[in-house]
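Open the structure in your viewer and have the selection tool ready. The tour goes from one stop to the next.

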Amino acid sequence: MIPAAVDYVLADSAEAAIAALTEAGDEAKLLAGGQSLVPLMRLRLATPSVLIDIGRLDDLSGISIDGDTVSIGALTTHSALEHSADLAAACPLLAHVAAQVGDPAVRHRGTLGGSLAHADPASDLPAAVLALGGTLVASGPGGSREIAATDFFTGFLESALGPDELLTEVRVPVSTGGWCYQKFNRRAQDWAIVGVVVAEAGAGVALVNMGSTPLRASGVEAAVAGGASAGDAAAVAADGTEPPTDNNADGDYRAHLARVLTERALTAAGA
Amino acid sequence: MEVSVTVNGTVRSADVEPRTLLVHYLRDVLGLTGTNIGCDTSSCGACTVLVDGRSAKSCTLLAAQVDGADVTTIEGLAGPDGLHPMQQAFHECHALQCGYCTPGMVMAAVSLLDEYDDIDADGVRVGLEGNLCRCTGYQNIVAAVLAAGE
């Protein structure tokens, strides 16, 4: 289908994007790569009045490593993450997860910041940033602030970003400990029916598509920290979750998958 | 709004609504109907073109987003000496039946070989996961892409 009529503003700076957001109010949407937003607009599930295109803000793109921190511009594409030798060395988990998103054409356009701001519980990258204990940087009219990934995802497709805020940067710690991403789906290119991300040999564990937001599996993390086996730690993976029921799977099956995939991921990560 | 795109080497400009998808810009405004529309959900890849040399689903981009960019469609792939090696390989390996997915499949395959070195059959299958073919069972498509890469 053809998207509903919409106004279009091309932002030439982050400040201009924030100013346009402030002026347009909450009927506006930021457009980065558009790989989540444009499909929703085509189905008319999203009908913003104004699109503020931030896709040309090249200074919000790039990967830099300073000490123990990897800083990634919000407009860095999945493809850039996938092919970055620096990221492969400093945080191989994130590079690997980026390579699992969608398909190559989607990865050429889709951005890390866009994926996080879209806050889809079925997406790969939000759970990875959650498992890594990342920090998100948002800019608004009053300046910029840091938001812990654990505080960022507030509901289904909802984040802690204010209506006049722009996600500019994502920071994750350098992380080369044992890691694994278990993504379970039945069709190529599909979203995960359930996914499990393990970082740092089980110190960080996050779940994909097990609730209305990406979830940190703190029970599993605590069990690993307490010396539990991979199997014992994985047994609590679905505790406290409310996994959705849809055409792919019912909630009980998702809970089962979460336990099985968590055990596989912990084992592969050397937990 | 005015959108200018270099399409197959020629700068083209048109005044379009901001909601215009690139695929509609190509098909309806420029008359380049080789790029097909196969689905409504960004799943099938029939509309794949190259934007600045990399595959993109032209149904999932606004024309406005590629203002100033280089776009290559299936019509722009063949050179003065004939078919592009990927087109030739699809022909020789019988990598199509109905042909509907073929323009997108060829464009995705061209981008894939450019992006990934030393790709094997499994890599081709994974790399083309965003392009659906309902006729061939993919076997000859994979063979064609590997042949074109040699």
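The stops below are a sheet, the helices across it, one residue and a pair of helices, all in a predicted model.

**Stop 1: the sheet in chain A.** Select strands 11, 12, 13 and 14 of chain A, which form an open sheet in that order with antiparallel pairing. Strand 11 (180–184) and strand 14 (215–216) of chain A are the edge strands, since each pairs on one side only. Strands in a sheet pair through backbone hydrogen bonds. Now look at strand 11 and strand 12 (residues 194–199) of chain A: five bridges join these antiparallel strands. Lys183(A) has Gly195(A), in strand 12 of chain A, as its bridge partner.

**Stop 2: helices across the sheet.** Add helix 8 (residues 124–131) of chain A, which lies across strands 11, 12, 13 and 14 of chain A and runs at about 160° to strand 13. Then add helix 12 (residues 251–268) of chain A, lying across strands 11, 12 and 13 of chain A at about 30° to strand 12.

**Stop 3: one residue.** Select Ser115(A), in helix 7 (residues 112–118) of chain A. Is Ser115(A) buried or exposed? Ser115(A) is buried, because 26 other C-beta atoms lie within 10 Å and 20 or more are enough to count as buried. Beyond its neighbours within four places in sequence, Ser115(A) is in contact with Gly110(A), Ser123(A), Leu125(A) and Pro126(A).

**Stop 4: two helices in chain B.** Move to helix 2 (residues 85–92) and helix 5 (residues 139–149) of chain B, whose axes come within 8 Å and cross at roughly 135°. The two helices of chain B are therefore oblique to each other. Pro85(B), Met86(B), Ala89(B) and Phe90(B) of helix 2 meet Ala144(B), Ala147(B) and Ala148(B) of helix 5. By class, this contact has seven nonpolar, no polar and no charged residues.

Notes. Residues are numbered from 1 along each chain as its sequence is written. Chains are lettered from A and ligands numbered from 1 in the order in which they are written. This is a predicted model: local features need pLDDT of at least 70, side-chain atom pairs count only at pLDDT 80 or more; totals for chains, interfaces and linings use all residues. Helices (H or I, at least four residues) and strands (E, at least two) are DSSP runs, numbered from the N terminus. A residue is buried if 20 or more other C-beta atoms lie within 10 Å of its own, exposed if 12 or fewer, and partly exposed in between; C-beta atoms are placed from the backbone. Two residues are in contact if their C-beta atoms, placed from the backbone, lie within 7 Å. Axes are lines fitted to C-alpha atoms, for helices over the stretch in contact, and angles run from 0 to 180 degrees between N-to-C directions. Angles under 35 degrees count as roughly parallel, over 145 as roughly antiparallel, 65 to 115 as roughly perpendicular and the rest as oblique. Ala, Val, Leu, Ile, Met, Phe, Trp, Tyr, Cys and Pro count as nonpolar, Asp, Glu, Lys and Arg as charged, and the others, Gly among them, as polar. Two strands pair if DSSP finds at least two bridges between them.
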